[in-house]
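Here's a quick briefing to read with the viewer open. Have a look at the sequence and the fold, then come back for the details.

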Amino acid sequence: MKGGILHPLFAVRHKKAAGEGICIWEEEKTMDLALMVAQLGEGMIVTVEIFFLTLLFSLPLGLVISFGRMSRHFPLRTLTKIYISVMRGTPLMLQLIVVYFAPYYVFGLKISASYRFTAVILAFALNYAAYFAEIYRGGIESMPAGQYEAAQVLGYNRMQTFCKIILPQVIKRILPAVTNETITLVKDTSLAFVLAVVEMFTAAKQIAAKETTIVPLMAAGVFYYLFNLAVAAFMEYLEKKLSYYR
């Protein structure tokens, strides 16, 4: 620089260096965004796995428990009533902790890190089975006695009566209640963080804390909303398909 005038060669170098700095900053920003999307994607997969595995086990288990709840045998009926009462009367978060640590404190077994996801599925399935059991029971007990009498006249046994006549009608009646529980399940998957299982919301919180931004949390919120929207749309489609007498 001479007399306060910037030398042309220095100016060119300065501009070139500034341009390289901008390129590096933009590259780092792109890499951070790609990493954030990848981490959220991994959490999303875990959330979807928890959701579908819970439904896979809790829906049939709930039906079995509902049979026990309506049983004529007093001990079985009492046990299922206590089970349902405990599952519905205590927080799911507490149940997750109990299921995870029970093998160690009750049986003295060593708990491995791989057991965390199994414990999450087990706790979720046991919890939601209790809710589904009461939904099934309400649907079955709402069926008119004439349905059973007509089936008996036609020569159906008890198993055939339930599978071919009662259950299809029960499914139609309980779909709205099942839809509500299913939507709740989507949001409850975030409780898996208690056992250090990194699902969608946990991943979003970790990224938000690291990057000091709420963008990951907003992205997680959008995901939960769209997931619930898809679940509600699918259940509504099932309701329309089963409303064949309307």
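What follows is a short tour, from the overall fold down to single residues.

Keep in mind that this is a predicted model. The chain has 8 helices and 0 strands, so reading along the sequence just gives α-α-α-α-α-α-α-α. Of its 246 residues, 33% are buried.

**The nonpolar core**

- The largest nonpolar core is made of 46 residues.
- Ile50, Phe51, Leu96, Val120, Phe124, Phe132 and Leu195 are the ones with the most contacts inside this core.
- Two or more residues each come from α1, α3, α4, α6, α7 and α8.
- Helix α4 chips in with the largest share, at 11 residues.

**Aromatic pairs**

- There are 11 aromatic pairs in the structure.
- One of them is Phe67 with Phe162, an edge-to-face pair with 5.2 Å from centre to centre and 75° between the planes.
- That pair ties together distant parts of the chain: Phe67 belongs to helix α1 (residues 8-69) and Phe162 to helix α6 (residues 158-188), 95 residues apart.
- The two partners sit in different burial classes: Phe67 is partly exposed because its relative accessibility is 38%, while Phe162 is buried because its relative accessible area is 14%, under the 20% cut-off.
- Tyr100 and Tyr115 make a stacked pair, because their planes are at 20°, under the 30 degrees limit, with ring centres 5.8 Å apart.
- This pair, too, links distant parts of the chain, with Tyr100 in helix α3 (residues 92-107) and Tyr115 in helix α4 (residues 115-141), 15 residues apart.
- Both Tyr100 and Tyr115 are buried.
- If you're after a group of rings, Phe51, Phe52, Phe223, Tyr224 and Phe227 form one aromatic cluster; Phe51 also turns up among the core residues with the most contacts.

**Phe193 and the surface patch**

- Which charged residue sits over the ring of Phe193? Lys205 does, with its charged end 4.4 Å from the ring centre.
- Phe193 lies in the loop between α6 and α7, where α7 spans 200-211.
- With a relative accessible area of 36%, Phe193 counts as partly exposed, because that value falls between the 20% and 50% cut-offs.
- Phe193 is also one of the members of a nonpolar surface patch, along with Met93, Ile97, Phe101, Tyr104, Tyr105, Val106, Phe107 and Leu109.
- Together, the patch residues have about 950 Å² of accessible area.

**Ala196, a backbone oddity**

- Most residues other than glycine have a negative phi.
- Ala196 has a positive one, near 60°.
- Like Phe193, Ala196 is found in the loop between α6 and α7.
- Buried or exposed, or something in between? Ala196 is partly exposed, because its relative accessibility is 46%.

**Ala232, a long-range neighbour**

- Ala232 is located in helix α8 (residues 215-242).
- Its relative accessibility is 29%, so Ala232 is partly exposed.
- How far apart are Ala232 and Ile183 in sequence and in space? They're 49 residues apart in sequence, and their C-alpha atoms are 7.5 Å apart.

Notes: Residues numbered from 1 in each chain as written. Predicted model: local features only at pLDDT ≥ 70, side-chain atom pairs only at ≥ 80, totals over all residues. Heavy atoms only, no water. Helix = DSSP H or I, 4+ residues; strand = E, 2+ residues; numbered from the N terminus. Buried < 20%, exposed > 50% of the residue type's maximum accessible area, 1.4 Å probe, protein only. Phe/Tyr/Trp six-rings, centres within 6.5 Å; stacked < 30°, edge-to-face > 60°. Lys NZ or Arg CZ within 6 Å of the ring centre and 35° of its normal. Patch = residues over 30% accessible without salt bridge, like charges linked within 9 Å, V, L, I, M, F, W, Y side chains within 5 Å. Areas by Shrake-Rupley, 256 points an atom, 1.4 Å probe, with all protein chains shown as cover. Salt bridge = Lys/Arg side-chain N within 4 Å of Asp/Glu carboxyl O. Core = buried A, V, L, I, M, F, W, Y, C linked by side-chain atoms within 4.5 Å.
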